[in-house]
Amino acid sequence: MDIKASIEDTRKGFEESFATGTFYNRQTQDTEHLENILRYIGVKEGMKILDLGTGSGYLAFPIAKNNPACEVIGLDIVSGALGANSTRAKEEGLANLSFVSYDGIDFPFESETFDLIVTRYSLHHFPDIEHSIGEVSRVLKKGGHFFISDPRPNDCDVDRFVDKYMQLKKDGHIKFYTKDEWETICGHQRLSLIDSFDSSIRFPKKKDTAYGYEDVLANADKAVKDSYELVETDTEIFVTEGVNNIMFEK
């Protein structure tokens with residue numbers, strides 16, 4: 001895999017998604033899920049927090065607003081979105097919130113900088129997941145926590161239909177991971193699973209950005225498609241994906 005090319009595909013895809021705004025927001029926003037995450041992560045006064053793959057700042061903004069005594073940094077490769085986020089943070093008077101761009105490979109922070117690292121719906125785009133989780137461990141303080149929220153494949157989806165389906169939109173999707181896979185990957189980097197909860201996302205995809213979807217659907221087992229509650233309309237395809245929400249400790 002060409003890691004830099006994959007990162008560039010992701011950057012371009014999300015620059016376009018964030019520019020259009022409305023459809024991307026409809027894909028990913030879920031007030032109940034957000035509230036569950038904010039309660040679950042257990043922010044404490046004085047923490048330094050990293051929102052990895054922050055995008056539009058979906059986690060970073062409410063964390064910063066709810067915890068003015070904490071420093072929150074959003075990290076991403078999508079510079080256009082980060083510029084808009086910075087403007088919004090200034091307008092909302094969030095002096096404890098800032099945004100940093102990076103190359104998608106090495107985190108631009110010193111070792112043991114953060115008390116808490118959070119990430120939502122981004123890690124399936126990371127082409128070198130072992131290295132990225134290594135970077136998470138490097139910049140996380142000993143005893144610090146790492147929270148992952150990311151969709152997973154269904155148990156019956158042994159051929160990973162869902163990954164082929166998500167790759168139809170050329171935005172750098174790599175792979176959804178099972179809970180066991182996350183435990184193994186993070187375990188390699190001295191991160192231990194301590195707790196988790198499940199959720200789901202109903203995900204729409206526009207057919208005009210999913211070239212070749214007919215072949216992907218035709219080649220998938222009906223039981224697998226049914227497990228994702230796949231529904232096709234004239235302009236969109238909808239699937240329901242389970243989501244891992246997992247807390248690790250260094």
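This passage describes the nonpolar cores of a predicted model and the surroundings of a few of its residues.

The largest nonpolar core has 31 residues. Those with the most contacts inside this core are L52, F107, I117, L123, I133, F146 and W182. Both helices and strands supply the core. Helix 1 (3–20), helix 6 (129–139) and helix 8 (179–187) each provide at least two of its residues. So much is also true of strand 1 (48–52), strand 2 (71–76), strand 4 (114–120), strand 5 (140–151) and strand 8 (236–249). Helix 6 gives the most, with four residues.

F146 shows the packing in detail. Residues up to four places away in sequence are not counted here. F146 touches I117, T119, L123, I133, V136 and L140. Its contacts also include C186, L191, I246, M247 and F248.

Another core lies apart from the largest one. This second core has 23 residues, among them I41, A60, F61 and V118.

V72 sits in strand 2. Its relative accessible area is 0%, under the 20% limit, so V72 counts as buried. Leaving aside neighbours within four places in sequence, V72 is in contact with I49, A60, I63, A64, N96, L97 and S98. V72 and D171 are 99 residues apart in sequence. In space, their C-alpha atoms are 27 Å apart.

D163 belongs to helix 7 (residues 161–166). D163 has a relative accessible area of 6%, which is also under 20%, and is therefore buried. Beyond residues up to four places away in sequence, D163 touches H173, I174, K175 and F176.

Conventions. Residues numbered from 1 in each chain as written. Predicted model: local features only at pLDDT ≥ 70, side-chain atom pairs only at ≥ 80, totals over all residues. Heavy atoms only, no water. Core = buried A, V, L, I, M, F, W, Y, C linked by side-chain atoms within 4.5 Å. Buried < 20%, exposed > 50% of the residue type's maximum accessible area, 1.4 Å probe, protein only. Contact = heavy atoms within 4.5 Å.
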